[in-house]
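Morning, everyone. Let me put the structure up, and then we'll go through it.

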Protein chains: 2
Amino acid sequence: MADFSTIASEFVKFYYQTFDTNRAALGGLYRDTSMLTFEQQPFLGSANILEKLQNLPFQKVEHRHDTIDAQPGPEEGSIIVMVTGALMVEGSDRPMSFTQVFQLRPEAGSYYVFNDIFRLVYPAA
Amino acid sequence: MADFSTIASEFVKFYYQTFDTNRAALGGLYRDTSMLTFEQQPFLGSANILEKLQNLPFQKVEHRHDTIDAQPGPEEGSIIVMVTGALMVEGSDRPMSFTQVFQLRPEAGSYYVFNDIFRLVYPAA
């Protein structure tokens, strides 16, 4: 089995690629107990999470991930991943900084997203 | 017992207040199994973590936390907390954006930091 940091990198690459090209497929990464906090709004369960992600006020978006940090979580096999990056939204020429944290839980030789927190980051001053 | 979001807010307030006024006391928040990833550098255990935090290249710093998001972790009683904010370092007049994630684990009616990941966030463009 790959180490946690390789798994984290592969997950992040897959997640944003899927987000940017086939958002509906993200639903398969979540379960009924999964949580998303998106800009302070909480969502529980894959159906609600997918609905939120599909109804964001932009249809075309491109994520760039600049940093990926990972650590094993307290639960055996779980992995916590923090990403910083930028997103380019259709119709805007200014990338926006974001940060996102995932906690991945092992399931049947793969992983699903248990925790997901997303925030845009505005310039400090 | 307070709910996870209240605990998260109180922890964040306490953490940065302690960081900014009495950094040595942060050691008590970590255990031997705790992990810190600080700007990509990994540290394991309270002694190594405290040494890193005490030897940052600034003695005086002020953290401002702008957003705090929390979710229960997969492990019973654990809490994942994501912070975005700014830090003002002595000798610089420009605040720097940062993001930090903590995973808190319950212990004897209180909590300690199991996961800690810190990154400065640079403007996207």
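I'll take the pairing of the chains, then the interface, then the pocket and the cavity.

One caveat up front: this is a predicted model.

Start with the symmetry. Rotate chain B by 180°, with 0.0 Å of shift along the axis, and chain B superposes on chain A. The RMSD is 0.0 Å. The two copies are thus related as by a two-fold rotation axis. Both copies also use the same surface: 100% of the contact residues of chain B recur in chain A.

Now the interface. How many residues does the contact take from each chain? Chain B gives 35 residues, and chain A gives 36 residues. For size, people often quote the accessible area lost when the parts come together. Here, the area buried between chain B and chain A is about 2,800 Å². Carbon and sulfur atoms give 65% of that area.

What about charges? Two salt bridges cross the interface of chain B and chain A. Take the salt bridge between the side chains of B:Arg119 and A:Asp69. The N to O distance there is 2.6 Å.

Next, the largest pocket. It holds about 460 Å³ of space. Its lining counts 20 residues. Which of them lie nearest the centre? On chain A, they are A:Tyr122 and A:Pro123. On chain B, they are B:Tyr122, B:Pro123 and B:Ala124.

Both chains supply strands to this lining. β5 (96–107) and β6 (110–121) of chain A each supply at least two residues. So do β5 (96–107) and β6 (110–121) of chain B. By character, the lining of the largest pocket has 16 nonpolar residues, two polar and two charged.

Last, the cavity. Searching the whole structure finds one cavity of 30 Å³ or more. The largest cavity has a volume of about 40 Å³. Which elements of chain A each give at least two residues to the lining of the largest cavity? They are α1 (4–21), β1 (30–38) and β6.

By name, the lining includes the aromatics A:Tyr15, A:Phe19, A:Phe38 and A:Phe118. A:Leu36, A:Leu53, A:His63, A:Gln100 and A:Asp116 line the cavity too. That lining divides into six nonpolar residues, two polar and one charged.

That's the tour. Over to you for questions.

Technical notes:
Residues numbered from 1 in each chain as written. Chains lettered and ligands numbered in written order. Predicted model: local features only at pLDDT ≥ 70, side-chain atom pairs only at ≥ 80, totals over all residues. Heavy atoms only, no water. 1 Å grid on protein atoms, 1.4 Å probe; cavity = no way out; pocket = protein on both sides within 12 Å on 5 of 7 lines; lining within 4 Å. Points joined across faces, edges and corners; volume = space filled by probe spheres on them. Helix = DSSP H or I, 4+ residues; strand = E, 2+ residues; numbered from the N terminus. Nonpolar A, V, L, I, M, F, W, Y, C, P; charged D, E, K, R; others polar. Least-squares fit on C-alpha atoms with pLDDT ≥ 70 in both. Contact = heavy atoms within 4.5 Å. Buried area = accessible area lost by both parts, 1.4 Å probe. Salt bridge = Lys/Arg side-chain N within 4 Å of Asp/Glu carboxyl O.
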